[in-house]
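Open the model in your viewer and keep the selection box handy. We will go from stop to stop, and at each one you will hear what to select and what is there.

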Amino acid sequence: MSASPPKEIEKYRVDAVDAALRVLQLISETPDLGLSEITRRSGQSKARVYRLLCSLEASNFVSSTPERRTYRLGVAALAIGNAAERQIDIARIAGPIIAKLGSGTGETVQLRVRDGRNSLCVAGWEPERAVKVLSGIGGSRPMHAGSGVVLLAFQDEAFREALLGEPLKAFTERTCVDPDRLRQVLAQVREHGFYVSHG
């Protein structure tokens, strides 16, 4: 997931498909965005984004709310996601291990992988109780936050430094966004082999 596409694939990419997938990804990460906000975040023209949304909605990959005209994933995206969960080897192989770990601890378990500069949840297990952390399969978040810190700790130094050189967003008051402090945390993770995230 983290590797760039081979050059022979890159030269055959279709711009319209890439644009539609970018819009779909935006909606998957932040549901209930309106046309103007999707346009702003995608960096495309409003007219193009509207045409893409119409195509995605006609194919049931997104749905819109008539009253507010905001967008979220549709049933076709759900079908694709369920199929991906069955077909992606790491999620399928890890399923029984995750279930055993979760049932043994009574806690939510997530399997996250690197996806560009983010960590992506590809499999999970949740306990049967009212108060719990949701596994959020398909959920993506920056690697400097939460459990993604474990993945960031074991990336090569050039990648880590490039990421630490960018502005880091705080998701809670406990999110570490100081690059020097985060370097110390990452060194501790590599030394001890685990990370504890509070809040």
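Start with the whole protein chain: of its 199 residues, 28% count as buried. What you are looking at is a predicted model. Show the cartoon and you will find nine helices and six strands in the chain. Along the principal axes, the C-alpha atoms fill a box of roughly 50 × 40 × 40 Å. If you like contact maps, take the contacts with a separation of 6 or more: residues 24 or more positions apart account for 45% of them.

**Stop one: a helix pair**

Select residues 15-29, which form helix α2, together with residues 46-58, which form helix α4. At what angle do α2 and α4 pack? The angle is about 80 degrees, and the axes are 10 Å apart. Since angles from 65 to 115 degrees count as roughly perpendicular, α2 is therefore roughly perpendicular to α4.

Now show side chains at this contact. On the α2 side, pick D15, A16, A19, A20, V23, L24 and I27; on the α4 side, pick R48, L52, L53 and L56. Colour these residues by type and the contact of α2 with α4 divides into nine nonpolar, no polar and two charged.

**Stop two: the nonpolar cores**

Keep V23 on screen and add I27, I38, L53, V62 and Y71. Which core do these six belong to? They are members of the largest nonpolar core, which has 14 residues, and they are the ones that touch the most other members. Helices α2 and α4 each supply at least two residues of this core, and α2 gives the most, with six. As a general backdrop, nonpolar side chains in soluble globular proteins tend to be buried together.

Another core lies apart from this one. It has twelve residues, and you can find it by selecting V149, L152, L168 and L186, which are among them.

Then go back and centre on V23. Leaving out residues up to four places away in sequence, V23 touches I38, Q44, L52, L53 and L56.

**Stop three: two loop residues with positive phi**

Most residues other than glycine have a negative phi, so the next two selections deserve a look at the backbone. Select D32, in the loop between α2 and β1 (33-34). D32 is not a glycine, yet its phi is positive, about 70 degrees. With a relative accessible area of 28%, D32 is partly exposed.

Next, select N60, in the loop between α4 and β2 (62-64). N60 is not a glycine either, and its phi is positive at about 65 degrees. N60 counts as partly exposed, at 42% relative accessibility.

**Stop four: charged residues and distances**

Pick E29, in helix α2. E29 is partly exposed, with 37% relative accessibility. Draw a C-alpha to C-alpha distance from E29 to R72: they are 43 residues apart in sequence and 9.5 Å apart in space.

Move to R40, in helix α3 (residues 35-42). Is R40 buried or exposed? R40 is exposed, with a relative accessible area of 57%. Draw a line between the C-alpha atoms of R40 and E8: the two residues are 32 apart along the chain, and the separation is 31 Å.

For a third line, go to E191 in helix α9 (residues 179-192). E191 is exposed, at 61% relative accessible area. From E191 to A153 you cover 38 residues in sequence, while the C-alpha atoms are 9.8 Å apart in space.

**Last stop: the cysteines**

Finally, select C54 and C121. How many disulfides does the structure hold? The count is zero. C54 is partly exposed, with a relative accessible area of 32%, whereas C121 is buried, with a relative accessible area of 1%.

Conventions: Residues are numbered from 1 along each chain as its sequence is written. Side-chain values use heavy atoms; hydrogens and water are left out. Axes are lines fitted to C-alpha atoms, for helices over the stretch in contact, and angles run from 0 to 180 degrees between N-to-C directions. Helices (H or I, at least four residues) and strands (E, at least two) are DSSP runs, numbered from the N terminus. Angles under 35 degrees count as roughly parallel, over 145 as roughly antiparallel, 65 to 115 as roughly perpendicular and the rest as oblique. Contact means heavy atoms within 4.5 Å. Ala, Val, Leu, Ile, Met, Phe, Trp, Tyr, Cys and Pro count as nonpolar, Asp, Glu, Lys and Arg as charged, and the others, Gly among them, as polar. A nonpolar core is a set of buried Ala, Val, Leu, Ile, Met, Phe, Trp, Tyr and Cys residues joined through side-chain atoms within 4.5 Å. Buried means under 20% relative accessible area, exposed over 50%, partly exposed in between (1.4 Å probe, protein chains only). A disulfide is a pair of cysteine sulfur atoms within 2.5 Å.
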